[in-house]
Amino acid sequence: MNDTVIAVCGTDPGMTPMMPYIGEKNDGKVFTERAKYLTEAALCRCGFDTVSVTSPITDTGDAAMAANHIGADCIVIISYASFGSGRNFNDANGCTVEHAQGRAAKSSRILAEDICSYISAVKPCVVSPSYPMFSGALRPTVTVNAGYLTGFDDAKLIYDPDHAARIAERITMGICENFSMPYILPSEATIDPVSLSIGKRGKKIKLLQAMLSAHGYRLAVDGVFGRNTDLALKKFCGNNDTPLGTVADALLMRNQTDIKIGSEKAAVRYLQNKLRAKLYRAPLDGVLGKDTVDAVNAYLADIGHPDAKNDDTVSETAIELLSPVGGGKPRLF
């Protein structure tokens with residue numbers, strides 16, 4: 001059994017400039033919290049143990065100091081960067097992985113390089129030393145800035161669950177590389193229904209808690225199957241018509257089907273976030289209503305797809321068409 005403990009933290013990086021088309025600012029905390037939970041789930045899936053640093057924390061230096069007291073083997077902080085005044089969009093884009101200096105400088109730099117090498121396969125990424133306040137880290141410590149709040153294309157991705165998932169998986173690949181652990185694909189994730197009862201403990205429970213949290217059911221990722229976890233799991237399974245034996249499939253959004261008006265399935269929340277990421281105005285309430293269907297139809301009409309104008313159902317095809325990361329409405333200025 002692997003006893004390597006990874007501390008994971010998501011910061012509160014602030015808000016983007018005003019997003020065109022939807023008339024609201026995107027909240028960077030939405031991304032960092034989702035990516036944090038998905039990273040914890042991926043690490044547990046790959047055999048690591050995890051511990052959550054209390055978040056959201058605004059300052060990455062504070063996150064590193066908090067993690068020092070936990071005694072983890074390494075610390076990963078997930079954030080978003082910004083450039084300039086923050087009032088307007090600019091051309092800043094890509095990921096940066098900052099590494100601690102001081103006592104943990106060498107091991108932090110190697111960890112940052114390992115993570116960056118995997119992120120670079122899906123998004124431009126560079127490694128850089130962190131600010132001096134980060135030098136007090138006692139363990140290998142990195143901050144993954146997954147984009148720029150002030151970069152238009154990066155700002156759109158804040159609400160994209162697939163962007164959060166791919167960053168989480170790439171972080172996990174880099175950590176596996178660093179600790180010489182095999183990377184286990186999400187498709188190989190399993191959750192034994194026998195382990196899902198009050199009082200059970202372990203990494204699989206942490207995986208479940210982290211995945212439920214990523215879907216909006218906020219739980220302490222402590223590896224203990226308690227009452228709150230039981231209630232969240234039952235609510236998730238009920239909303240998604242999912243028996244315990246297939247909960248892993250549902251949490252990972254496998255086997256999507258058509259969804260109808262009034263549905264509260266995980267696919268609805270996914271759909272609404274994908275629409276927001278492409279700058280189509282839709283509520284983020286997890287319930288399929290007319291506003292969401294109208295937004296889907298507007299997107300399908302814009303790309304010239306014949307599925308548009310369905311008034312009470314969103315097809316599996318429409319969900320697939322929305323799934324690519326990026327795209328959507330262009331920058332206006």
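Here's a short back-and-forth on two helix pairs and one helix in a predicted model.

Me: Why is helix 9 called oblique to helix 10?
Reply: The axes of helix 9 (residues 266-277) and helix 10 (residues 290-302) cross at roughly 50°. Roughly parallel needs an angle under 35 degrees, and roughly perpendicular runs from 65 to 115. An angle of roughly 50° fits neither, so the pair is oblique.

Me: What makes the contact between them, and which classes does it have?
Reply: Helix 9 brings Leu271, Gln272 and Leu275, while helix 10 brings Thr292, Ala295, Val296 and Tyr299. By class that's 5 nonpolar, 2 polar and no charged residues.

Me: How do you know how the span of helix 10 compares with the one expected?
Reply: Helix 10 has 13 residues, and the expected span is 1.5 Å times one less than that number, so 18 Å is expected. From first C-alpha to last, helix 10 reaches 18 Å, close to that value.

Me: Which residues of helix 10 are buried, and what covers them?
Reply: Thr292, Val293, Ala295, Val296, Asn297, Tyr299 and Leu300 are the buried ones, each under 20% relative accessible area. Their cover includes helix 9, strand 10 (313-314) and helix 11 (316-322).

Me: Why is helix 1 called roughly antiparallel to helix 6?
Reply: Helix 1 (residues 28-45) and helix 6 (residues 203-214) pack at about 155°, with axes 8 Å apart. The cut-off is over 145 degrees, so about 155° counts as roughly antiparallel.

Me: How many charged residues does that contact have?
Reply: There are 5 charged residues, alongside 8 nonpolar and 1 polar.

Technical notes. Residues numbered from 1 in each chain as written. Predicted model: local features only at pLDDT ≥ 70, side-chain atom pairs only at ≥ 80, totals over all residues. Heavy atoms only, no water. Axes fitted to C-alpha atoms, helices over the stretch in contact; angles between N-to-C directions. Helix = DSSP H or I, 4+ residues; strand = E, 2+ residues; numbered from the N terminus. Contact = heavy atoms within 4.5 Å. Nonpolar A, V, L, I, M, F, W, Y, C, P; charged D, E, K, R; others polar. Buried < 20%, exposed > 50% of the residue type's maximum accessible area, 1.4 Å probe, protein only.
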